[in-house]
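Open your viewer, switch to a cartoon view and follow along. We will go from the whole chain to a few places worth selecting.

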Amino acid sequence: MFEDIPVEVGIVHEGERIRQQQMHVEFGGPKVPNKFELVQMKAPKDVKDGKVTVVGKGLADFEARSRAPIAIIFHVAGKKMEKDLEPVLERRIHDFFNYVEGVMHLNQRYDIWIRVNKEDVKKGLTLEHLGKITIQLMKQEFKFIEKMEAFIYTDEKDIESRIKSAREIYEARDARARTLTDDEVDEFYGCILCQSFAPIHICVITPERMALCGAISWFDARASARIDPEGPNFVIEKGEVLDAGKGQYSGVDEAVDEKSGGVTKEIYLHSMFGLPHTSCGCFEAIVFYIPEIDGVGLVNREYMETCVNGLKFSQMAEQTGGGEQTEGFLGTAVEYFRSKKFLQGDGGWTKVAWMPKVIFDSIVDFIPEEFKDKIATEDVKNLKGLKSFLEEKGHPLAQAWAKPVEEEIPAEAPAPAASEIVPVTASPATLMQVPAGAPAMTLPAMTVPGGGGFKFTFKNARIYADKVIIQKAKE
Ligand code: SF4
C-alpha cells in the first residue's frame with residue numbers, strides 16, 4: 001500500500017516521541033501561534049481524488065531544528081458523507097500522522113504540534129507523502145469517503161489568511177452543540193480513541209460536556225457511532241440518574257467500567273472530586289484545585305507562564321493525564337467552561353478564582369455577570385495576591401473564609417506526654433492550609449522541609465485525617 005513512501009507506515013509507530021535533538025522541523029506547537037488542521041465536506045465535482053497540493057517550503061527546504069507555521073486542510077466527498085463527520089475525520093489526522101515512522105503529531109484543531117525527525121528527511125519524506133498517506137488511511141478506514149484531496153500550507157501569510165475562517169468553523173460546530181442539554185437526550189456517547197496511549201481512559205461526551213480534546217461534540221460522536229458502530233465512538237445509554245448535581249448515571253458507570261477493563265467503576269460528569277472523569281493527555285485545558293482558598297483555577301494548554309499556584313500547565317498535565325481518576329486536577333475542553341453544567345457538583349462559578357486573560361476573553365459571555373469582575377487573571381501572580389484580590393472584590397470564596405468556624409471539642413483522649421512528641425516545623429510558604437469543609441484532594445508531588453532533619457515527600461498522596469500526631473518511637 002505504501003511502496004512509494006520512503007519510511008515505514010503502521011500503527012507500530014504510534015506513540016513515538018521525537019525529541020528536539022532528533023527533529024528536523026517542528027510545525028505548530030506552543031511557540032508557533034498560527035497552526036491548524038481542518039476537514040471540510042465538498043461536492044464531489046470540487047474534489048480531485050488523491051491530489052496533494054503543498055504551498056510554501058517543503059520539509060527539505062527547512063534548516064535543521066526549524067520551527068514553522070502550518071495549515072493542513074482536507075476536502076472530502078461521498079454520498080454518505082455528513083457535515084457532522086467532519087470533526088470525526090479531523091480527529092483521525094492525529095492517528096494517521098502518528099502511524100508514519102519518525103513523525104509525531106499532538107493535539108487537534110488550532111493546537112496542533114507536529115515534529116518530523118532528521119532521518120525521515122534524509123530518506124526523502126515530503127509533505128506530499130504525509131498528505132497521500134493520510135488520504136489512503138482515511139479511505140481505507142472510512143468506506144463512505146469517495147474522494148479526498150489535501151492542501152498543506154507552510155507560509156505564514158497563507159495560514160494567516162485562512163485561520164480566521166477555520167476558527168469560525170470550529171466556533172459554529174461548538175455553538176450548534178450548545179443548543180441541546182444533557183436532560184433532553186436519552187443517550188450519551190463514548191470515545192476510546194486515546195486508549196492507544198492512555199489505555200483505561202474513556203471520554204463520555206454529552207451535549208453539555210464536550211470531549212476533553214475539544215474536537216468531538218455530542219453531535220459528532222453520534223454521527224461517528226452511527227456510521228461506524230464498531231469504531232472508537234459508541235452509544236452510552238444514560239440509565240438511571242444517580243446524582244443529578246454531580247452528573248452520575250448508572251448507564252455511564254456501566255460503560256466506563258466495561259471500557260476501562262474494570263479499573264474505573266463510577267464517574268461524575270460535573271464534579272472534579274470524589275469520582276472525577278478521567279483525562280487522557282489531549283485536554284485543551286486543566287481545572288486545578290487551590291486548597292489555600294478552597295477554589296479553582298483554569299489554564300489552557302497555550303499558556304506558558306507559571307500559574308497562580310506556582311505550577312506551569314506542563315507540570316499539572318503530568319498530574320492530570322494518563323487515564324486515572326485524579327481528584328483536584330481535571331482535563332477539559334475550553335468549551336466545557338461555556339457549559340451551564342460546568343462543575344455544577346462543586347459549586348460551578350462560585351469556585352472559580354483565577355484564569356489567564358486569553359481564556360477569560362474567550363468565555364466572558366458565558367461567565368455569570370456577578371462573577372465577571374471577581375475572577376483574577378495573570379496580573380495576580382501568587383496566592384497571597386490572589387487572596388487579597390478575592391477579598392477586595394468580595395468573591396464568595398473570601399466570604400466563606402470570613403465565616404467563623406465552630407470549634408470542634410475533641411473527644412476526651414489522653415494527650416501524649418510532652419516528652420514523647422517530636423516537634424516538626426515547616427516553612428510557612430510550604431504549609432498547605434485547607435479551609436474547613438474542603439473536599440479531599442490528591443496533592444501534587446510536594447516536599448515539606450522539617451526543622452529537625454525530617455523530610456516528608458507526598459507523591460500522588462490522598463490524605464484523610466482529622467489529626468496527625470508524630471511521636472518518637474520508643475527504643
Ligand atoms: S480526547 Fe476523548 S474524545 Fe478526544 S479523541 Fe481522545 S478519547 Fe476521543
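Begin with the whole protein chain, which has 10 helices and 19 strands; helices (H or I, at least four residues) and strands (E, at least two) are DSSP runs, numbered from the N terminus. Please keep in mind that this is a predicted model, in which local features need pLDDT of at least 70, side-chain atom pairs count only at pLDDT 80 or more, and totals for chains, interfaces and linings use all residues. Residues are numbered from 1 along each chain as its sequence is written.

Now colour by burial. A residue is buried if 20 or more other C-beta atoms lie within 10 Å of its own, exposed if 12 or fewer, and partly exposed in between, with C-beta atoms placed from the backbone. Of the 475 residues of the protein chain, 41% count as buried. Contacts join residues whose C-beta atoms, placed from the backbone, lie within 7 Å. Among contacts with a separation of 6 or more, 71% are between residues 24 or more positions apart.

**Stop 1: the sheet with β1**

Select β4, β1, β7 and β6, which in that order make an open sheet of four strands with mixed pairing. Two strands pair if DSSP finds at least two bridges between them. At the edges are β4 (66-68) and β6, each pairing on one side only. From one strand to the next, the twist averages 15°; axes are lines fitted to C-alpha atoms, for helices over the stretch in contact, and angles run from 0 to 180 degrees between N-to-C directions.

Zoom in on β1 (residues 23-28), which pairs with β7 in the antiparallel sense over five bridges. Here Gly-28 stands opposite Trp-113 in β7. β7 also pairs with β6 in the antiparallel sense, over four bridges, and His-105 stands opposite Ile-114 of β7.

Next, show helix α1 (residues 86-98), which lies across β6 and β7 and runs at about 160° to β6.

**Stop 2: a turn with an unusual phi**

Which residue in the hairpin of β6 and β7 takes a positive phi? Select Asn-107, which has a phi of about 70° although it is not a glycine. Most residues other than glycine have a negative phi. Asn-107 is found in the loop between β6 (103-106) and β7 (113-117), and the hairpin has six residues between the strands. Asn-107 counts as buried because it has 23 C-beta neighbours inside 10 Å.

**Stop 3: the sheet with β14**

Move along the chain and select β16, β14, β15 and β17. These four strands form an open sheet in the order β16-β14-β15-β17, and the pairing is mixed. β16 (329-332) and β17 are the edge strands, each pairing on one side only. The twist here averages 35° from one strand to the next.

Look at β14 and β16, which pair in the antiparallel sense over four bridges. Phe-288 has Phe-329 in β16 as its bridge partner.

Then pick Asp-294, in the loop between β14 (285-290) and β15 (295-300). Asp-294 has a positive phi of about 55° although it is not a glycine. Is Asp-294 buried or exposed? Asp-294 counts as buried, because it has 20 C-beta neighbours inside 10 Å.

**Stop 4: a loop glycine**

Select Gly-261 in the loop between α6 (250-259) and β14. With 10 C-beta neighbours inside 10 Å, Gly-261 counts as exposed. Add His-201 to the selection: the C-alpha atoms of these two residues, 60 residues apart along the chain, are separated by 10.0 Å.

**Stop 5: around the ligand**

Show the ligand and the residues near it (C-beta atom, placed from the backbone, within 6 Å). They are Arg-91, Cys-191, Leu-193, Cys-194, Cys-203, Ala-211, Leu-212, Cys-213, Ala-215, Ile-216, Cys-280 and Cys-282. This shell divides into 11 nonpolar residues, no polar and one charged. In this count Ala, Val, Leu, Ile, Met, Phe, Trp, Tyr, Cys and Pro are nonpolar, Asp, Glu, Lys and Arg are charged, and the others, Gly among them, are polar.

**Stop 6: helix α9**

Finish at helix α9 (residues 383-393), where Leu-386, Phe-389 and Leu-390 are buried. Seen down the helix axis, the buried residues of α9 fall within an arc of 95°, so they line one face of the helix; the arc is that of the directions from the helix axis to the C-beta atoms. Turn to the other side of α9 and you will find Lys-384 and Glu-392 exposed. The buried residues of α9 pack against β17 (352-354) and α10 (396-402). Last, click on Gly-394, which follows α9 and has a positive phi, near 70°.

Notes
Two residues are in contact if their C-beta atoms, placed from the backbone, lie within 7 Å.
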